[in-house]
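Trainee: Please take a close look at one part of this model for me, the protein surface that lies against one of the nucleic acid strands, and then set it in the context of the rest of the assembly.

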There are 2 protein chains.
Amino acid sequence: MGRNIAALGTVTQPPGNVPKYYLVKRHLLEIIDALPPGSPVAPERVLTAELRTSRTTVRQALAELVGEGRLVRRQGSGTFVAEPKTAWPLSMASFSEQAAASGFQPGTRLLSVETVSADDDIARRLGLAPGANVHRIERLRTGDDRPLAVEVCFVSAARFPRLPDRMRSAQSLYEVFERHYGVVPVDAEETIETAAAPPAEAALLETDTGAPMLVLSRHTFDDSGEPVEWVRSWYRGDRYVFVARLTRPRPRRR
Amino acid sequence: MGRNIAALGTVTQPPGNVPKYYLVKRHLLEIIDALPPGSPVAPERVLTAELRTSRTTVRQALAELVGEGRLVRRQGSGTFVAEPKTAWPLSMASFSEQAAASGFQPGTRLLSVETVSADDDIARRLGLAPGANVHRIERLRTGDDRPLAVEVCFVSAARFPRLPDRMRSAQSLYEVFERHYGVVPVDAEETIETAAAPPAEAALLETDTGAPMLVLSRHTFDDSGEPVEWVRSWYRGDRYVFVARLTRPRPRRR
DNA sequence: TACGCGCATTGGACTAGACCAATTTACACT
DNA sequence: AGTGTAAATTGGTCTAGTCCAATGCGCGTA
């Protein structure tokens with residue numbers, strides 16, 4: 001068509017400054033909403049010409065849509081409408097149980113197990129003296145053989161001797177905790193934040209450096225209130241939505 | 001100094017492709033980590049010259065650091081090390097209670113109340129026929145007079161007649177539910193995802209269009225399992241971390 | 001001293017284009 | 001018809017620069 005971006009949609013928003021790339025984004029959104037997942041979208045250079053803008057501006061709009069899980073891009077191939085996001089439950093259940101609850105075949109790839117000296121933050125979280133030895137366990141969690149999350153877990157080396165060896169043959173960390181050490185995690189504090197994917201995590205999760213991620217940090221305690229583990233998990237923000245079930249704590253007051 | 005980016009740090013990561021902007025980001029991170037909040041960081045053009053790269057590349061690194069809450073930028077003024085993020089609890093408590101628990105003086109600004117026809121998604125969520133009337137309540141929640149979140153709430157118009165009038169003088173929606181309609185929300189399903197800030201939300205939250213956000217959607221039910229409200233809240237991803245407390249549901253099995 | 005105007009500084013948005021990498025397509029040759 | 005290679009297509013990274021908007025500083029003036 002070749003109509004100018006200025007003619008796109010109606011700007012009902014704040015008086016002046018809606019960036020041009022955002023008009024492009026809304027325009028693309030209208031197109032995407034009408035197409036089923038997998039449908040191809042016009043290539044960058046075509047959009048650039050059609051909308052009379054620079055490639056940079058088009059790319060900024062596309063990048064946001066990719067980050068929000070609306071589009072998928074494949075170099076050399078094209079841009080396509082993405083599948084809807086997948087729900088990921090927040091619960092005390094083990095990874096395998098959570099995955100199963102979401103209808104995935106869970107899998108784990110052990111990336112590295114090493115024993116290192118804890119930095120101040122980790123030591124404090126695990127109730128150890130600064131510099132104490134901790135096991136650092138890095139794993140790639142998969143669902144239906146597709147990468148799902150990268151987890152880095154820290155536990156006290158003194159409390160869990162020979163854990164590295166045991167990890168190499170085990171699937172579930174919680175099972176090892178219980179079987180070999182009699183430790184049962186009973187509650188946890190989870191924090192959720194956004195971050196940009198570092199190159200290593202991006203590669204493992206098959207996305208791009210800088211892609212928006214959901215970072216879930218879990219601080220787990222056993223029944224006596226002792227800290228058990230400190231885990232930091234990276235999930236692709238364009239693929240997953242976290243779901244939490246909340247119940248009113250007390251009957252009522254007032 | 002004028003040292004080239006190629007000399008920065010050591011690339012132990014994946015074989016080849018670490019983008020140049022990421023080297024800049026790591027370099028800046030080292031600087032930031034050693035400075036207290038509020039400290040100024042060198043302006044873009046200086047970094048561009050020092051690191052022998054383009055302004056675009058420097059800006060990409062800065063943008064990610066801003067999105068992760070490590071830096072704050074003020075046009076005409078400069079770039080500064082940011083305050084640490086603030087924890088925001090996920091619980092069934094009302095906004096005021098949650099804010100108080102986080103040490104904020106809670107406030108609410110009613111942006112708009114209107115009665116509209118529900119789209120299919122909203123109707124389904126509230127258990128209504130498609131096109132049924134719903135009240136749409138848009139509010140800006142504040143903590144210590146600073147914008148905290150933008151909330152858009154939908155409730156059935158048939159179930160809550162004259163709610164718009166009552167809202168205008170009320171602070172707490174839950175209080176109105178209980179006092180005037182005898183409805184007490186008891187549990188909820190919350191979903192958390194990432195998104196880029198639209199211009200309107202960005203303006204209200206005093207950030208930039210496209211800034212990474214945490215979007216919290218809450219589907220609330222009363223004691224008989226009836227849906228009460230559907231709320232979508234936008235929080236600045238660079239400022240807040242969501243915190244959830246989890247407890248193992250069952251005593252144990254196996 | 002206090003005020004106000006103008007300029008320099010700084011971040012924000014956008015452009016046009018170069019070069020690279022992955023993929024797909026087209027075509028020549030067997 | 002099948003196969004392999006070259007070319008075209010498409011997304012990814014980076015550069016160099018323009019113009020604008022908000023802020024803050026300094027200087028001249030009242």
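Mentor: Helices and strands are DSSP runs numbered from the N terminus, a helix being H or I over at least four residues and a strand being E over at least two. With that in hand, and remembering that this is a predicted model, we can turn to DNA strand C, where α3(A) supplies the largest share of the nearby surface, namely three residues. There are 24 residues around DNA strand C, and those that come nearest are Lys20(A), Thr57(A), Gln75(A), Arg45(B) and Thr79(B). Of the atoms of DNA strand C that come within 4 Å of the protein, 56% belong to sugar and phosphate. By class, this surface holds twelve polar and nine charged residues beside three nonpolar ones.

Individual polar contacts give the picture more detail. The side chain of Arg45(B) places an N or O atom 2.4 Å from a base nitrogen of DNA strand C, whereas the side chain of Arg59(B) has an N or O atom 3.3 Å from a phosphate oxygen of that strand. Glu44(B) takes part through its backbone, with a polar atom 2.9 Å from a phosphate oxygen of DNA strand C. Both chains contribute elements with two or more residues at this surface: α1 (20-33) and α3 (55-67) from chain A, and α2 (44-50), α3 (55-67), β2 (71-74) and β3 (78-81) from chain B.

The relation between the protein chains helps in reading the other strand. Chain A is superposed on chain B by a rotation of 180° with 0.0 Å of shift along the axis, at an RMSD of 0.1 Å, which means that the two are related by a two-fold axis. Within chain A, Thr194(A) has the C-alpha nearest that axis, at 3.5 Å. As for the surface shared by the copies, 100% of the contact residues of chain A recur in chain B.

Around DNA strand D there are 24 residues, of which Arg45(A), Thr79(A), Lys20(B), Thr57(B) and Gln75(B) come nearest, and sugar and phosphate make up 55% of the atoms of DNA strand D that come within 4 Å of the protein. Here α3(B) gives the most, with three residues. Among the polar contacts on this side, Gln75(B) has a side-chain N or O atom 2.6 Å from a base nitrogen of DNA strand D, Arg55(A) brings a polar side-chain atom to 2.9 Å from a base nitrogen, and Ser54(B) has a polar side-chain atom 3.0 Å from a phosphate oxygen.

Turning to the protein interior, the largest nonpolar core has 28 residues, of which Tyr235(A), Phe242(A), Ile192(B), Tyr235(B) and Phe242(B) touch the most other members. Elements of both chains each supply at least two residues of this core, including β9 (212-222) and β11 (240-247) of chain A and β9 (212-222) and β11 (240-247) of chain B. Apart from that core lies another, of 16 residues, with Tyr21(A), Leu47(A), Val58(A) and Ala61(A) among them.

One backbone detail deserves a careful look as well. Most residues other than glycine have a negative phi. Asp144(A), which is not a glycine, nevertheless has a positive phi of about 55°, and its place is in the loop between β6 (133-143) and β7 of chain A. Because its relative accessibility is 41%, Asp144(A) counts as partly exposed.

Terms used. Residues numbered from 1 in each chain as written. Chains lettered and ligands numbered in written order. Predicted model: local features only at pLDDT ≥ 70, side-chain atom pairs only at ≥ 80, totals over all residues. Heavy atoms only, no water. Core = buried A, V, L, I, M, F, W, Y, C linked by side-chain atoms within 4.5 Å. Buried < 20%, exposed > 50% of the residue type's maximum accessible area, 1.4 Å probe, protein only. Near = heavy atom within 4 Å. Polar contact = N/O pair within 3.5 Å; in protein donor to acceptor, adjacent residues only side chain to side chain. Nonpolar A, V, L, I, M, F, W, Y, C, P; charged D, E, K, R; others polar. Least-squares fit on C-alpha atoms with pLDDT ≥ 70 in both. Contact = heavy atoms within 4.5 Å.
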